[in-house]
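Trainee: Please take me closely through one single part of this model, setting out its residues, its neighbours and what follows it, and keep the reasoning connected from one step to the next.

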Amino acid sequence: DESKLAVLWMDVKLQNLQKKRPEDYKPGDAAHAYARGVAFLATECGAYVEAEKISVETHDAFCERCAQALDVDVKIFRETLAEFEASLGKQLHEGVAQRVKALRAALDDEGFAEKAFASLQKRESKILEMVSDVSKVEDLRKDMLANLDQAAGDAVAEAAMCQQLIPAVEAMLGERLLGGEEG
C-alpha cells in the first residue's frame, strides 16, 4: 500500500534527523536548521495529504511525532509549520518570478533570433538540424513568448514553462540565463 510506504518513509527520515539532532538545538527555536528540517518533513507529509495518498489523521499523527522530536507542544508546532510553509511558498514564488524575468528578458530581445542562430552556427550545434535559418529561430522565439504569456499569473504553469523553456533558450544562446543557478 502506497500510503503505508509513504508514512514509513517519512518516519524513517524523521528518525534519521532525530539521530543527528544537534546539541545546540533548543526547543522552540524554529529558525534552527534541525527544526527547519523537521518542518520540511511535515510539509512533505502534508503534500501526501494534498495528493490524497494519506489521510489528514495520518498527517496529524506525523505532526505529533514531529512536535515530540522538537520537544514542543503540537499546537505550537502546527503554528510554526504554517509560518514555515508560507515562507517556503513565498521563496518558491520569488524564485519562479526571477526565472520568468530572466527568460522573458532573453525572449523579448528583438535580436534573439540572430544571436541564437549565430551561436548555434559557431558551436556547430545539432539544433541546426531543426532550425535551418534565422526565421525558424524567430518563429520559436514567438512560440516560446506566447507559451510564457499563456502561463502568466499561474505560478505553477510559469514554473513548468521555465523548466521547459530555459534549457532550450540556453542551448540556443550557448550561455546561462541565471548565472550559476539551475533553471
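Mentor: Tyr34 is a good place to begin: with a relative accessible area of 3%, under the 20% that marks a buried residue, Tyr34 is buried, and I should say at once that this value, like the others here, comes from a predicted model. The structure holds 1 aromatic pair, and because the ring centres of Tyr25 and Tyr34 are 5.1 Å apart with their planes at 65 degrees, that pair is edge-to-face. The partner, Tyr25, also counts as buried, at 5% relative accessibility.

Tyr34 is one of the buried residues of helix 2, a list that continues with Ala35, Val38, Ala39, Leu41, Ala42, Thr43, Cys45, Gly46 and Val49. An α-helix has 3.6 residues a turn, so residues three or four places apart point the same way. The helix itself covers residues 33-50, and its length can be checked: 18 residues at 1.5 Å a residue should span 26 Å, and the end C-alpha atoms are 25 Å apart, which agrees. The cover over the buried residues of helix 2 includes helix 1 (2-19), helix 3 (56-70) and helix 4 (74-108).

Take helix 3 from that list. Two packed helices are described by the angle between their axes and the distance between the axes. For helix 2 and helix 3 the angle is about 175 degrees and the axes are 9 Å apart; since an angle over 145 degrees counts as roughly antiparallel, the two helices are therefore roughly antiparallel to each other. On the side of helix 2 the contact is made by Tyr34, Ala35, Val38, Leu41, Ala42, Cys45, Gly46 and Val49, and these meet Val56, His59, Phe62, Cys63, Cys66, Ala69 and Leu70 of helix 3. Sorted by class, this contact has 13 nonpolar and 2 polar residues, with no charged residues.

Thr43 leads to another neighbour. At 17% relative accessibility Thr43 counts as buried, and, leaving aside residues up to four places away in sequence, Thr43 touches Leu81, Phe84, Glu85 and Leu88. Leu81 and Phe84 are among the buried residues of helix 4, which also include Phe77, Gly95, Val96 and Val100. Helix 4 has 35 residues and reaches 50 Å from its first C-alpha to its last, close to the 51 Å expected at 1.5 Å a residue. Its buried residues pack against helix 2 and helix 3, and also against helix 5 (112-122), helix 6 (134-151) and helix 7 (155-173).

Finally, consider what comes after helix 2. Most residues other than glycine have a negative phi, and most peptide bonds are trans. Glu52, which follows helix 2, has instead a positive phi, near 60 degrees, in a residue other than glycine. Glu52 lies in the loop between helix 2 and helix 3, and because its relative accessibility is 72%, it counts as exposed. A similar case occurs at Asp71, where phi is likewise positive and near 60 degrees in a residue other than glycine. Asp71 lies in the loop between helix 3 and helix 4, and at 46% relative accessibility Asp71 counts as partly exposed.

Terms used. Residues are numbered from 1 along each chain as its sequence is written. This is a predicted model: local features need pLDDT of at least 70, side-chain atom pairs count only at pLDDT 80 or more; totals for chains, interfaces and linings use all residues. Side-chain values use heavy atoms; hydrogens and water are left out. Helices (H or I, at least four residues) and strands (E, at least two) are DSSP runs, numbered from the N terminus. Buried means under 20% relative accessible area, exposed over 50%, partly exposed in between (1.4 Å probe, protein chains only). Contact means heavy atoms within 4.5 Å. The expected span of a helix is 1.5 Å times one less than its number of residues. Rings of Phe, Tyr and Trp (its six-membered ring) pair if their centres lie within 6.5 Å; planes under 30 degrees apart count as stacked, over 60 as edge-to-face and the rest as tilted. Axes are lines fitted to C-alpha atoms, for helices over the stretch in contact, and angles run from 0 to 180 degrees between N-to-C directions. Angles under 35 degrees count as roughly parallel, over 145 as roughly antiparallel, 65 to 115 as roughly perpendicular and the rest as oblique. Ala, Val, Leu, Ile, Met, Phe, Trp, Tyr, Cys and Pro count as nonpolar, Asp, Glu, Lys and Arg as charged, and the others, Gly among them, as polar.
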